Amino acid sequence: MGRPISKSHLRRSVRFFITFLYRRPKAVSESEALLHRLAPLPPSPLAPSSTMADVVQFRLEGMLDELDDLEQRGLFSRREIAEIVKQRRKFEYRLKRPCPLKQDYVAYIDYETHLDSLRRLRKKAVSRELKKQGNKKMRKSVSDFACVKRILYIYRLAVSRYKGDIDLWFRYLEFCRAQKNGRMKKVLAQLIRFHPKVPGVWIYAAAWEFDHDTNVDAARSLMLSGLRVCPTSEDLWVEYLRMELTYLNKLKARKVALGEDEGSLVRENKAAEDKQWREENKDLFMSIGEDREDNDGSVGETESKNKLDLFREQGSNILETIYNGAIEALPSSFSLRKRVLEILEAMDLAHSEELHSKILQDIKRDFGTEPQYWDWLARLQYNPDDVQGMSDKKENSRIEKAVQVYEEGLEHVPSSAMFSLYVEFLMNIITSVKEEQSSGLSSCTMNTTSRLLMVYEKALTLGHITDDLSCQYVSFYLQLGKLDEARKLAERLCSGKLSNSVKLWVLRVSTEIKSILKDSPSSSKDDLKSIFELTKEVLRDFPVSESGSLWLTVLKFFANQSHYFDQLVEISLLALAKSGGSEDGFSLSSAIVDFVLQKDGIQRTREVYKKFLGLPHPGLAIYRRCIQLESNLASAGDKNGLASARKLFESSLATYGQDVSLWQEYYIMESKVGSSETAAAIRWRARKTLKDATALATSSDL
């Protein structure tokens with residue numbers, strides 16, 4: 001017997017025989033010929049499976065009718081169609097790989113969207129030309145729908161692979177809504193099935209049913225289903241209330257349009273003010289036959305009022321019902337009640353005053369011990385952002401009411417947070433008034449200023465003043481130009497329970513310096529000594545990592561006083577030795593080196609930085625600053641600078657040998673200033689010393 005034939009070889013032979021036997025000549029369009037010319041070469045029998053190429057080729061062959069139509073209509077040239085086929089093949093191969101990325105789908109969708117926009121623009125241009133020639137309009141054909149169908153198909157593939165991407169789902173929904181192709185309900189159902197715990201999904205679905213599909217029952221059903229699944233969603237409760245009141249107002253508007261009713265449920269401020277003015281001045285509108293006319297029209301007015309009250313009553317019931325359900329589900333949400341109150345104020349409902357007072361009482365009962373409640377309640381009385389066009393008398397009256405609310409809040413909640421909110425409110429008033437009145441102080445500003453000082457003093461007396469409040473207190477005196485009062489206050493605060501506040505000490509030292517330099521630009525010996533004695537103990541006690549701003553203030557003041565500056569250097573050495581030499585965040589030693597370099601030159605700077613480097617475990621920041629200094633000198637031609645920089649590098653690498661950037665800087669310096677042999681040696685040492693192989697791979701300088 002001969003050699004047995006394998007199954008794969010037999011299958012290929014049969015496929016070739018059938019293809020050859022039943023092949024018939026057929027007419028080939030230009031687009032199809034182009035597509036086959038651009039198709040990849042068939043794989044050899046010894047090549048691996050070509051499933052991906054077959055699927056991509058099949059997808060491209062399905063686009064032949066669309067491409068033929070685009071060419072026949074003159075919308076795209078042959079070269080442009082070849083480019084379209086090329087781009088689509090590239091995107092199709094990306095989607096058919098084992099793990100396509102989200103960016104692949106998005107890029108394909110963006111390309112098809114831009115292509116369809118270009119097609120529509122060119123179709124309009126061709127239609128205008130045909131219209132000028134007297135021909136009929138272009139009928140819709142396969143190319144008018146192919147891009148949209150393809151984009152929908154890509155979206156289906158994308159959301160099937162990335163089901164958890166909410167943004168992708170919403171892009172899909174927005175595309176369906178813009179195209180109006182009838183897939184919205186199906187996509188919304190899929191999204192709700194995959195993401196029932198996302199409140200925005202229910203809100204979007206209900207809004208579409210309510211606004212676009214005009215199906216109120218479906219929208220209400222979706223909202224209620226969402227509230228059952230997400231009962232603690234504040235947005236769901238608020239949007240459900242808005243939807244019900246909007247629907248009720250639409251019913252009211254339809255009655256008005258039919259002439260069966262009048263008015264609206266939405267409160268109009270202008271109409272309310274006109275009505276109030278007419279009632280206050282009703283004598284001006286008195287007519288001769290008023291009694292007779294009132295008797296004749298009493299029945300019609302009563303009937304219209306009853307119809308209006310029917311909608312207002314129903315709206316009031318809806319709001320009260322939803323409000324009760326919302327606070328039962330979210331009893332600790334303060335913002336929910338504020339939003340419901342805003343909706344109530346915007347609507348004209350029956351018993352609105354009773355509902356308003358009820359909600360306020362509930363808020364006070366549940367949140368009366370929280371400072372944010374009193375701050376919100378006071379800003380209801382007066383908001384500095386909403387005072388345009390208001391008279392000074394009315395504005396002062398509202399400010400007094402807001403101040404009374406804050407004072408009541410301090411009685412119920414005497415805390416630092418309450419004082420901070422009170423101070424912020426008064427500062428906003430002063431700032432807004434100063435912006436409106438650039439010159440001079442009004443009576444409102446003077447009263448608010450005195451009240452603010454009283455609030456600061458009250459917080460200090462009751463022991464509720466914080467670091468921030470104390471600094472604001474001193475800074476406010478400085479803004480008023482009262483330097484002596486600010487200095488005395490800072491001294492008083494620093495000697496109390498806030499003696500450990502670095503920010504307050506910085507403010508006190510700067511205030512003392514301003515007080516000394518107020519009369520003369522030069523300081524006396526007694527003044528210098530007093531400032532030094534004031535800050536000496538504080539600098540010793542405070543950690544260096546926390547007192548950076550205080551150190552900078554003192555160093556800058558004593559920069560030209562060598563005697564005191566040298567003592568500060570000694571104090572800094574003791575402070576750094578006490579902290580173990582490490583400098584987290586602020587580098588005191590680097591700051592001192594910079595001051596010495598500007599003041600005394602390079603020789604004195606080298607003496608100083610050697611003292612800091614002699615401390616146990618000096619920080620990397622001081623090494624970098626000294627290396628930068630010596631490298632600059634070496635670049636300028638100083639041989640001592642190059643030798644010093646190499647010593648500093650070697651010393652720093654002994655402690656921080658695993659720092660890749662330090663090796664990079666060493667290599668760059670040797671490449672620029674040293675020789676190629678030393679640079680190569682540094683590179684070899686770095687590759688041998690560093691343990692992180694990924695750092696070596698990503699480093700371009702080693």
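Colleague: How many disulfides does a search of the whole structure find?

Modeller: A whole-structure search turns up 0 disulfides, a disulfide being a pair of cysteine sulfur atoms within 2.5 Å. Keep in mind that this is a predicted model, where local features need pLDDT of at least 70 and side-chain atom pairs count only at pLDDT 80 or more, while totals for chains, interfaces and linings use all residues. Residues are numbered from 1 along each chain as its sequence is written, and side-chain values use heavy atoms, with hydrogens and water left out.

Colleague: Why is Cys-494 too far from Cys-471 for a bond?

Modeller: The closest cysteine sulfur to that of Cys-494 is in Cys-471, 8.6 Å away. The cut-off is 2.5 Å, so the pair is not a disulfide.

Colleague: Is Cys-494 buried or exposed, and what about Cys-99?

Modeller: Buried means under 20% relative accessible area, exposed over 50%, and partly exposed in between, using a 1.4 Å probe and protein chains only. Cys-494 has 4%, so buried is the word. Cys-99 has 60%, so Cys-99 is exposed.

Colleague: What makes Gly-463 partly exposed?

Modeller: Its relative accessibility is 32%, so Gly-463 falls in the class between the two cut-offs. Gly-463 lies in the loop between helix H20 (443–462) and helix H21 (467–479); helices here are DSSP runs of H or I with at least four residues, numbered from the N terminus. The C-alpha atoms of Gly-463 and Ser-415 are 9.1 Å apart, with their positions 48 residues apart along the chain.

Colleague: How do you know that the span of helix H27 agrees with what is expected?

Modeller: The expected span is 1.5 Å times one less than the number of residues. H27 (residues 588–600) has 13 residues, so 18 Å is expected, and its end C-alpha atoms are 18 Å apart. After H27 comes Gly-601, with a positive phi near 95 degrees.

Colleague: Which residues of H27 are buried, and what covers them?

Modeller: The buried ones are Leu-588, Ser-589, Ser-590, Ala-591, Ile-592, Val-593, Phe-595 and Val-596. Their cover includes helix H25 (548–557), helix H26 (562–578), helix H28 (602–613) and helix H29 (620–635). Leaving out neighbours within four places in sequence, Ile-592 is in contact (heavy atoms within 4.5 Å) with Leu-555, Phe-565, Val-569, Ser-572, Val-608 and Phe-612.

Colleague: Which residues touch the most other members of the largest nonpolar core?

Modeller: Leu-550, Phe-558 and Ile-592 do, in a core of 159 residues. A nonpolar core is a set of buried Ala, Val, Leu, Ile, Met, Phe, Trp, Tyr and Cys residues joined through side-chain atoms within 4.5 Å. Helix H19 (residues 416–436) gives this core its largest share, 9 residues.

Colleague: Why is the pair of Tyr-155 and Tyr-172 called stacked?

Modeller: Rings of Phe, Tyr and Trp (its six-membered ring) pair if their centres lie within 6.5 Å; planes under 30 degrees apart count as stacked, over 60 as edge-to-face and the rest as tilted. Here the centres are 5.1 Å apart and the planes are at 10 degrees, so the pair is stacked. Both tyrosines, Tyr-155 and Tyr-172, are buried.

Colleague: What makes Tyr-373 and Trp-374 edge-to-face?

Modeller: Their planes are 65 degrees apart, with 5.0 Å centre to centre. That angle is over 60, and the distance is within 6.5 Å.

Technical notes. Helix = DSSP H or I, 4+ residues; strand = E, 2+ residues; numbered from the N terminus.
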